[in-house]
Amino acid sequence: MISALIFLPAAAAIFLLFVPEEKNRFIKGFSLIFSSLPLFLGLWLLARFDPTYPLPQFAEVARWIGSGLFYHVGADGISLMLLLLTSFLSPLAVASSFNYIKERQKEYYIMLLLLQTGMAGVFAAQNLFLFYIFWEAMLIPMYFLIGIWGGERKLYATVKFVLYTMVGSLLMLVGIIYFWKTSPGHSLYFYNLYSLNIPPGTQILLFLAFALAFAIKVPLFPFHTWLPDAHTEAPTAGSVLLAGVLLKMGGYGFLRLAMPLFPYAFRLFLPYLVVLAIVSIIYGAAMAFVQEDAKRLVAYSSVSHLGVVMLGLFLLSFKSYMGGIYQMLNHGLSTGALFLLIGMLYERTHTRDMGKLGGLAKPLPALAAFLSVTVFSSIGLPGLNGFVGEFLVFLGSFQVSKTAGAFAALGVILSAVYLLWMYRRVMQGPVKNPAYMDLPGMSLREILIMVPIVILFFWMGIYPRFFMGKFEKSARFMMEITQQKYKIVSIVEQGGAK
């Protein structure tokens, strides 16, 4: 069933290759249906998921290349939640493109469907080599989405995005080859690799290779510079999936691979990682303040918010760890919704320059209402989804380091300032351009895109236990693997010191 969830969009993309270009309505409807089917499959898996069992479920294993390179997919609680996030946002991204994309529509929807398969494959893969294949495969459709349907500086943004990601990925591939050569039976199954005892010096090199790939994808400061350009130039759907799903792969890579596989190196670099997370929080917020482009502001806000996520994961307090995972889901929804709404504004005004906007709540009251709820969600207003994850990260951070907790709290305060400032400049005050008074209101399609997201804002904020209960056991299991190996390393070091 998980294989169907992963590959149905790719199968639909292959089918679209044989559909005539002029059948635009069929292409749009077909793409929407087949991007939505994985969500129903994911809900079916969720209904049958056992949250008391921490290991991956619904496993599908098949011989592939041989010598340990198996096709092996499955989902524990963490993977399943991220698969559902991917399957939820993908059809919304498709639907948001119906009026936005005017040229080469068939190729555009093919790329969206292929991207959905690549993203789902990363979260479902249980074999390290298969993880790498999906990790690299998703670069190809995103490259074309930005490079063909992007803005004026699309080629620069595309090349920068690919170069950054490829450098980290190739180093990770070197680490994967090491595991293939040294693991018993050439096994690359995650849970077999966790039991390996890797020499400390080798751990440092491997950790740097994996951590760089994941830090670029998060992105952590100073590896973030590709993100604002990619977001600014990407079409709306590309920005939604980039912020909503692709950035989560960096955090997922850290908690699934870099932290539990290399405990000595993780312990060694932990102070620096915490500093990078804190710098990302403050730097991202500071840069958001000086942006005039609303899309670029939201891009820098992602750097700040994902710094909070990574701080929660790095500190290894169970509260902060759970909060970091939950905040990955929250950020995917909130920031994805912000990009959807900014895209809807751009379709009407043909600008994202906040200096040229203003007073749009008068001609666009429904859009202003959705934007206000989304901003409140993103800044963590109690009762909405963002509050729960941030609060848990704060609790865990203050337990471990009051300084880290204070910086995390400062980042959230700053996010409230710049996001509310953006809302005021765009929606409130006098209408700066008289032509904006005649802007069309939200269509039924746009309202139907936003309503399920807003429902999840409140559901995840009011009853987080429904979601957190699904991945709590898996999160505790992954954190304990890291902590246990961390303690073993500490004991060895103490013995050596004596």
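This report walks through the two domains of the structure, the contact between them, the salt bridges and a few single residues.

The model is a predicted one, so read it with these settings in mind: local features need pLDDT of at least 70, side-chain atom pairs count only at pLDDT 80 or more, and totals for chains, interfaces and linings use all residues. Residues are numbered from 1 along each chain as its sequence is written, and side-chain values use heavy atoms, with hydrogens and water left out.

## Two domains and their contact

Let us start with the overall layout. The domain assignment gives domain 1 as 1–158 + 227–251 and domain 2 as 263–498; such bounds come from an automatic or database domain assignment. To the contact, domain 1 brings 36 residues and domain 2 brings 38 residues, where contact means heavy atoms within 4.5 Å. Taken over C-alpha atoms, the centres of the two domains are separated by 22 Å.

The size of an interface is often given as the accessible area lost when the parts come together. Here, the area buried between domain 1 and domain 2 is about 3200 Å², and carbon and sulfur atoms give 75% of that area. Buried area is the accessible area (1.4 Å probe) that two parts lose on being put together, summed over both. Of the area that domain 1 buries against domain 2, I78, M81 and T232 supply 17%, more than any other three residues.

Between the two domains there are ten residue pairs in polar contact, both residues being at pLDDT 80 or more. A polar contact is a pair of N or O atoms within 3.5 Å; within protein, one must be able to donate a hydrogen and the other to accept it, and residues adjacent in sequence count only if both atoms are side-chain atoms.

On the side of domain 1 that touches domain 2, the elements that give two or more residues are α3 (77–96), α10 (226–233), α11 (236–246) and α12 (248–261). Helices (H or I, at least four residues) and strands (E, at least two) are DSSP runs, numbered from the N terminus. Helix α3 gives the most to this side, with ten residues. The residues of this side divide into 23 nonpolar, ten polar and three charged. In this grouping, Ala, Val, Leu, Ile, Met, Phe, Trp, Tyr, Cys and Pro count as nonpolar, Asp, Glu, Lys and Arg as charged, and the others, Gly among them, as polar.

## Salt bridges

Side chains of opposite charge can pair when their charged atoms come close. A salt bridge here is a side-chain nitrogen of Lys or Arg within 4 Å of a carboxyl oxygen of Asp or Glu. The structure holds eight salt bridges, and the table shows some of them.

| Salt bridge | N to O distance | Separation in sequence |
|---|---|---|
| R256 and D76 | 2.8 Å | 180 residues |
| K160 and D229 | 3.0 Å | 69 residues |
| R296 and D229 | 3.5 Å | 67 residues |

In the R256 and D76 pair, R256 sits in helix α12 and D76 in the loop between β2 (69–75) and α3. Both R256 and D76 are buried, where buried means under 20% relative accessible area, exposed over 50%, and partly exposed in between (1.4 Å probe, protein chains only).

K160 belongs to helix α7 and D229 to helix α10. K160 counts as buried because its relative accessibility is 16%, and D229 counts as buried because its value is 6%. R296, in helix α14 (residues 294–314), counts as partly exposed at 21% relative accessibility. Salt bridges that share partners join R153, K160, D229 and R296 into one network. Across the interface of domain 1 and domain 2, the rule finds one salt bridge.

## Three residues to look at

S35 lies in helix α2 (residues 24–48) and counts as buried because its relative accessibility is 0%. Not counting residues up to four places away in sequence, S35 touches S87, S90, P91, V94, L113 and Q116.

N330 is found in helix α15 (residues 318–349) and is buried, with a relative accessible area of 1%. Leaving aside neighbours within four places in sequence, N330 is in contact with N385, G386, G389 and M460.

G151 lies in the loop between α6 (139–149) and α7 (154–182). With a relative accessible area of 28%, G151 is partly exposed. The C-alpha atoms of G151 and P235 are separated by 7.5 Å, although these residues are 84 residues apart along the chain.
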